[in-house]
Amino acid sequence: MNLEALREATRAQMPEKRWTHTLGVVDTALELTSRFGGDPAKAELAALLHDYAKAWPILRQEQVIREQGLPKELLDYGKELWHAHVGAWVVRHEHGIEDEEVLNAIRYHTSGRENMTHLEKIVCLADYIEPGRDYPGVHKIRQLAEHNLDEALTAGLDSTIGLLLERGECIFPLTVLARNDLIRRRK
Ligand code: DGI
Ligand code: FE
Ligand code: FE
Ligand code: FE
């Protein structure tokens, strides 16, 4: 499938607002790639597809997790985490995306994980700072993203963890592992 058809298929999965966000993540991922390196074609593809399943009915997302052997553990955590893993599965099986680097960037864009690849970092950070994002702390994360990918991503994960603490919600283990890993690698 060519990129234009994939764009239309992705757009058809979501309301206009989510599509605008997606285009913002694509632009930002490309910008981060030109700043920090990496493959722009992969960044564009992963960013385009990162929220593919975000607007799907939650029961449909749950069905994919249960029936397709995705980590059952996801069901014990926030539903907001599900779309990342579901999206990676769906674009592979419905659109033949086989590039594991791209699939992992989609799969881990919400939580991160230990040993994140450059592409995973780019997509996760782009999701935090695309121009349509507005939350306390986004300005600082954007500033850090001007010069340091890891520092910016750490600040992004900090903001997510802070929000979850405030809301009294569970923290998915990968989110904590991702942050710890980035901090340990700091020089
Ligand atoms: O899909 P987006 O809105 O563009 O962004 P996203 O995929 O980063 O999802 C953000 C949401 O996911 C936000 O409401 C917080 C939630 N989230 C992120 N990490 C965790 C989490 N929820 C739980 N329960 N645990 C996490 O570790
Ligand atoms: Fe998302
Ligand atoms: Fe995110
Ligand atoms: Fe997103």
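In which helix is K17 found? Helix α2 is where K17 sits, and that residue makes a handy way into this predicted model. K17 counts as exposed, because there are just 10 C-beta neighbours inside 10 Å and the cut-off for exposed is 12 or fewer. Follow the chain for 115 residues from K17 and you arrive at G132, yet the two C-alpha atoms are separated by 9.5 Å.

Stay in helix α2 a little longer, since G24 is found there too. G24 has 18 other C-beta atoms within 10 Å and is therefore partly exposed. Leaving out residues up to four places away in sequence, G24 touches E130, P131 and G132. So G132 turns up again, this time as a contact of G24. Now try another pair: G24 and K42 are 18 residues apart along the chain, and their C-alpha atoms are separated by 16 Å.

Let's step back and look at the whole chain. The protein has 10 helices and 0 strands, so if you read the elements from the N terminus on, you get α-α-α-α-α-α-α-α-α-α. How does the chain's radius of gyration fit with a compact globule? For 187 residues a compact globule would come out near 16 Å, and the protein chain has 15 Å, which agrees. If you prefer box dimensions, the C-alpha trace spans about 40 × 35 × 30 Å along its principal axes. Of the 187 residues, 39% are buried. Take the contacts between residues at least 6 apart in sequence, and 59% of them join residues at least 24 apart.

What about the inside? In soluble globular proteins, nonpolar side chains tend to be buried together. Here the largest nonpolar core holds 44 residues, and the members that touch the most others are A29, A46, A47, V123, L125 and A126. At least two residues of this core come from each of α2 (16-36), α3 (40-49), α5 (82-95), α6 (100-107), α7 (118-129), α9 (149-167) and α10 (173-185). Helix α7 gives the most, with 8 residues. For a close-up, pick A29 and set aside its neighbours within four places in sequence: A29 is then in contact with A43, E44, A47, I122, V123 and A126.

Helix α7 is also the place of H118. H118 counts as partly exposed, because it has 18 C-beta neighbours inside 10 Å, short of the 20 or more that a buried residue needs. From H118 to L149 is 31 residues in sequence and 9.0 Å in space, C-alpha to C-alpha.

Just ahead of that helix there's a backbone detail to check. N115 lies in the loop between α6 and α7, and its phi is near 55°, a positive value in a residue other than glycine. Most residues other than glycine have a negative phi. N115 is exposed, with 9 other C-beta atoms within 10 Å.

For a pair at a wider separation, go to E94 in helix α5. E94 has 11 C-beta neighbours inside 10 Å, so E94 counts as exposed. E94 and E31 are 63 residues apart along the chain, with 28 Å between their C-alpha atoms.

Then there's the ligand. Which residues are closest to ligand 1? Of the 19 residues that surround ligand 1, the closest are G78, E80, T110, F172 and T175. Sorted by class, the shell has 7 nonpolar, 7 polar and 5 charged residues.

Finally, how confident is the predictor in all this? The mean pLDDT of the protein chain is 97, and 99% of its residues reach 70 or more. Confidence is lowest in helix α1 (residues 3-11), at a mean of 97, and highest in α7, at 99. That is the helix that gives the most residues to the core. For the complex, the predictor gives an ipTM of 0.91 and a pTM of 0.97.

Note on methods:
Residues numbered from 1 in each chain as written. Chains lettered and ligands numbered in written order. Predicted model: local features only at pLDDT ≥ 70, side-chain atom pairs only at ≥ 80, totals over all residues. Near = placed C-beta within 6 Å. Nonpolar A, V, L, I, M, F, W, Y, C, P; charged D, E, K, R; others polar. Helix = DSSP H or I, 4+ residues; strand = E, 2+ residues; numbered from the N terminus. Rg over C-alpha atoms; globule rule 2.2 N^0.38 Å. Contact = placed C-beta atoms within 7 Å. Core = buried A, V, L, I, M, F, W, Y, C linked by C-beta atoms within 7 Å. pLDDT = per-residue confidence, 0-100.
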